[in-house]
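Notebook open, model loaded. Today I want to look at the empty spaces first and then at the packing.

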Amino acid sequence: MIEKHIVIDDIDPVVLYGVGNTNLQMLKSLYPKLRIAARGNVIHVMGDELQMCAFEENILKLERHCLEFNSLSEEDLLLILKGEEARGRKAEGTIVYSVTGKPITARSENQQRMVKAFAENDMVFAVGPAGTGKTYTGIALAVRALKNREIRKIILSRPAVEAGEKLGFLPGDMKEKIDPYLQPLYDALEDMIPSQKLREMMEQDIIQIAPLAFMRGRTLNDAVVILDEAQNTTSAQIKMFLTRMGMNSKMIVTGDMTQIDLPHNIRSGLTEALDILHDIPGIAVIKMDKRDIVRHQLVTRIVEAYEKHKENERTDKN
């Protein structure tokens, strides 16, 4: 009789164990010569050596399945243990799977171009109106790279530009003041990484979310670095950010030129960067439009109405 402790590192163990430990109970019934107990991310196993070897090998297979699909059904568990292909095989065009096991794919032509550009370039600018999936697609690409061990960390940043509220009047310490600006980034991550695992990754700085001001002086190696809402950077800020790029890193810069919250006398750093960098090898620029909007259909109508209003203002001035 031997004893082993198997540590589940890369996934939220709840996904592996199943709701109410149903998957764990099934494993116990399938390995009657083993005593199996799980505490947190450690599985304690004691018993027959032959069954122990088979159990350990299958746990690795199940862990890889959970890492890719963020789910493990009883049917897939049985298929994997039989050495067969699980029903949850990867759907074509999937970037990653959500925490509910739903495939996250590029849903428009320009989102597909963004995915292709990320594979072929080290820096991608994605510019377009609200709802076109710029940030969400970028974060999905970063999560995929992390899961595939192509990088060691994800760094997400936004300029903390005041759009209606003043930072000094918001309650709490600096983190609590800044968090509202970063909430869309948290929301996307929570869609793709189980909550417990996400907390661990953030505590270990595998995933870092910080305002743009905190980037100064850093060199960002082995990472996917995303700058969101880049239209609200100044020329100096975006230059500082882009020059933080380190070895084995990729950058995604997203922005919406119709939502600039800078003072009228300050030119958007994103506008300037696109003018200067558009033809440099290794940098791709993806321009999205209202056809790429993947939110509620009213968002498309709202964008169209504002575009029409802006055009009418131009006509009146002329």
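Entry one, the second largest pocket. I'm working from a predicted model here. I looked up the volume of the second largest pocket and got about 560 Å³. Its lining runs to 21 residues. Nearest the centre I find Asp256, Thr258, Val303, Tyr306 and Glu307. Which helix gives the most to this lining? That's α11, residues 297–317, with 10 residues. By type, I noted 9 nonpolar, 4 polar and 8 charged residues in the lining of this pocket.

Entry two, enclosed space. How many cavities of 30 Å³ or more does the structure hold? I get 1. The largest cavity has about 110 Å³ of space. I listed 14 residues lining the largest cavity, and Asp10, Leu67, Asn70, Lys147 and Pro194 are the closest to its centre. Three helices each supply at least two lining residues: α3 (49–69), α6 (134–147) and α8 (195–203). The split for this lining is 9 nonpolar, 1 polar and 4 charged.

Entry three, the core. I pulled up the largest nonpolar core, which has 37 residues. Ile139, Leu189 and Met192 have the most contacts inside this core. Helix α6 turns up again, giving the core its largest share, 7 residues. A reminder to myself: nonpolar side chains tend to be buried together in soluble globular proteins.

Last check, Leu189. What does Leu189 touch, leaving out residues up to four places away in sequence? I wrote down Ile139, Val143, Leu156, Leu198, Ile207 and Ile209.

Definitions and conventions: Residues are numbered from 1 along each chain as its sequence is written. This is a predicted model: local features need pLDDT of at least 70, side-chain atom pairs count only at pLDDT 80 or more; totals for chains, interfaces and linings use all residues. Side-chain values use heavy atoms; hydrogens and water are left out. On a 1 Å grid over the protein atoms alone, a cavity is a set of points where a 1.4 Å probe fits but cannot get out, and a pocket is an open set with protein on both sides within 12 Å along at least five of seven lines; lining residues have an atom within 4 Å of a point. Grid points are joined across faces, edges and corners, and a volume is the space filled by probe spheres set on the points. Helices (H or I, at least four residues) and strands (E, at least two) are DSSP runs, numbered from the N terminus. Ala, Val, Leu, Ile, Met, Phe, Trp, Tyr, Cys and Pro count as nonpolar, Asp, Glu, Lys and Arg as charged, and the others, Gly among them, as polar. A nonpolar core is a set of buried Ala, Val, Leu, Ile, Met, Phe, Trp, Tyr and Cys residues joined through side-chain atoms within 4.5 Å. Buried means under 20% relative accessible area, exposed over 50%, partly exposed in between (1.4 Å probe, protein chains only). Contact means heavy atoms within 4.5 Å.
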